[in-house]
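Hi,

Here is the structure I promised to pass on to you. Have a look at it first, and then read on for what I found in it.

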Amino acid sequence: MSKKIEKYLNSDIWFNYQDFYKMVANNDYTTYVEIGVWKGHSISFLANEIKKQKRDGVKIYAVDLFEETYKWKDNNALLEQVPLVYDIYNKNLDDSKTRDMITDLKGMSWDMADHFEDGSVDFVFIDADHTYESVVKDINAWLPKVKKGGMISGHDYLNPCGVKQAVDELIGKVTITKGGVWYKKV
C-alpha cells in the first residue's frame, strides 16, 4: 500500500450515523443503495451490520464518481485525496471484509438510478453533492425506485447546504436523527 493511501485511509471521515445504520440493517430489506460513499467507511459498516443478520439475497450498491469527483475542487486538502479515493475505498472494504458484498456503480448519482426498476429498492441513502440542485436531482431520480414500505434517507440535513431545502420541498416531513440524518418510510 502506498504511503499516500495509508495517510488518508482514516482521515476526513464524516460517518456519524452508526446507530441509524444499525437500525436500517435490522430491517428485512434486501436491496440497499448508498449514494456518495467517499472512502467506504459507512457502507462497509452497513454491510457488516447486515452480515450479522445472516440474511441471504441481500444486495448492496455503492454509487459514486470515486476518483472523478468534482466535489472538492475548491478544497486543496481534500483535492489531493481524490485521485486515490477509489483505492482508499477498496482498501477499507477489503479491511472490513465486505468487498464481496458491495457492487459499485460509478457515475452521476441521479443517472445511476436508471440501473434500477421503479419500486425495486428497499433503502436509499443520499450523501453525494449537497447543493440544492443536486439533492433535488437525486431525490427525483431515486424516490420512484424505493419500494412501498422502504426508506429514503440522507445525511447533512442540519448542515448549511442545499439538503434541508430540497428534502423539505420534495419529501416533506421527515425524521431527523441527532447526527443530521433525515429519513422517511415510503
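Lys106 is partly exposed, with a relative accessibility of 39%. This is a predicted model, and in it Lys106 makes a salt bridge to Glu67, with 2.5 Å between the closest N and O atoms. Glu67 is partly exposed too, at 30% relative accessible area. What I like about this pair is where the two residues sit. Lys106 belongs to strand E3 (residues 102-106), while Glu67 is in the loop between strand E2 (59-64) and helix H4 (76-79), so the salt bridge ties together parts that lie 39 residues apart in sequence.

How many salt bridges are there? The count comes to 7, and two others are worth a look.

One of them joins Lys147 and Asp122, whose closest N and O atoms are 3.5 Å apart. This pair also links distant parts of the chain, since Lys147 is in strand E5 (residues 146-154) and Asp122 in strand E4 (residues 121-126), with their positions 25 residues apart. Is Asp122 buried or exposed? Asp122 has a relative accessible area of 8%, and because the cut-off for buried is under 20%, Asp122 counts as buried. Its partner Lys147 is partly exposed, at 26%.

The other is formed by Asp168 and Lys164, with an N to O distance of 2.7 Å. Here the setting is a helix: both residues are in H8 (residues 163-170), and they are 4 residues apart, so about one helical turn separates them. Asp168 is partly exposed at 31% relative accessibility, and Lys164 is partly exposed at 39%.

Now for the sheet. It is an open sheet of 7 strands with mixed pairing, in the order E3-E2-E1-E4-E5-E7-E6. Its edge strands are E3 and strand E6 (175-176), each of which pairs on one side only. That puts Lys106, from the first salt bridge, in an edge strand. Further in, strand E1 (residues 31-35) runs parallel to E4, and 4 bridges connect the two. If you want a place to start in that pairing, Tyr32 has Phe123 in E4 as its bridge partner.

E4 also holds Val121, which is buried at 0% relative accessibility. Which residues does Val121 touch, leaving aside those up to four places away in sequence? They are Thr31, Val33, Phe116, Lys145, Val146 and Lys147. The last of these is the lysine that bridges to Asp122. By contrast, the C-alpha atoms of Val121 and Asp104 are separated by 15 Å, with the two residues 17 apart along the chain.

Two helices lie across the sheet strands. Helix H2 (residues 18-25) lies across E1, E4, E5 and strand E7 (182-185), at about 170° to E4. Helix H3 (residues 41-53) lies across E1, E2, E3 and E4, at about 175° to E2. The H2 and H3 axes come within 9 Å of each other, crossing at roughly 40°, and the crossing is right-handed. On the H2 side the contact is made by Gln18, Tyr21, Lys22, Val24 and Ala25, which meet Ser42, Phe45, Leu46, Glu49, Ile50 and Gln53 of H3. Of these contact residues, 6 are nonpolar, 3 polar and 2 charged.

Happy to go through any of this with you.

Best wishes

Methods. Residues are numbered from 1 along each chain as its sequence is written. This is a predicted model: local features need pLDDT of at least 70, side-chain atom pairs count only at pLDDT 80 or more; totals for chains, interfaces and linings use all residues. Side-chain values use heavy atoms; hydrogens and water are left out. A salt bridge is a side-chain nitrogen of Lys or Arg within 4 Å of a carboxyl oxygen of Asp or Glu. Buried means under 20% relative accessible area, exposed over 50%, partly exposed in between (1.4 Å probe, protein chains only). Two strands pair if DSSP finds at least two bridges between them. Contact means heavy atoms within 4.5 Å. Axes are lines fitted to C-alpha atoms, for helices over the stretch in contact, and angles run from 0 to 180 degrees between N-to-C directions. A crossing is left-handed if the near helix is turned anticlockwise from the far one by less than a right angle, and right-handed if clockwise. Ala, Val, Leu, Ile, Met, Phe, Trp, Tyr, Cys and Pro count as nonpolar, Asp, Glu, Lys and Arg as charged, and the others, Gly among them, as polar.
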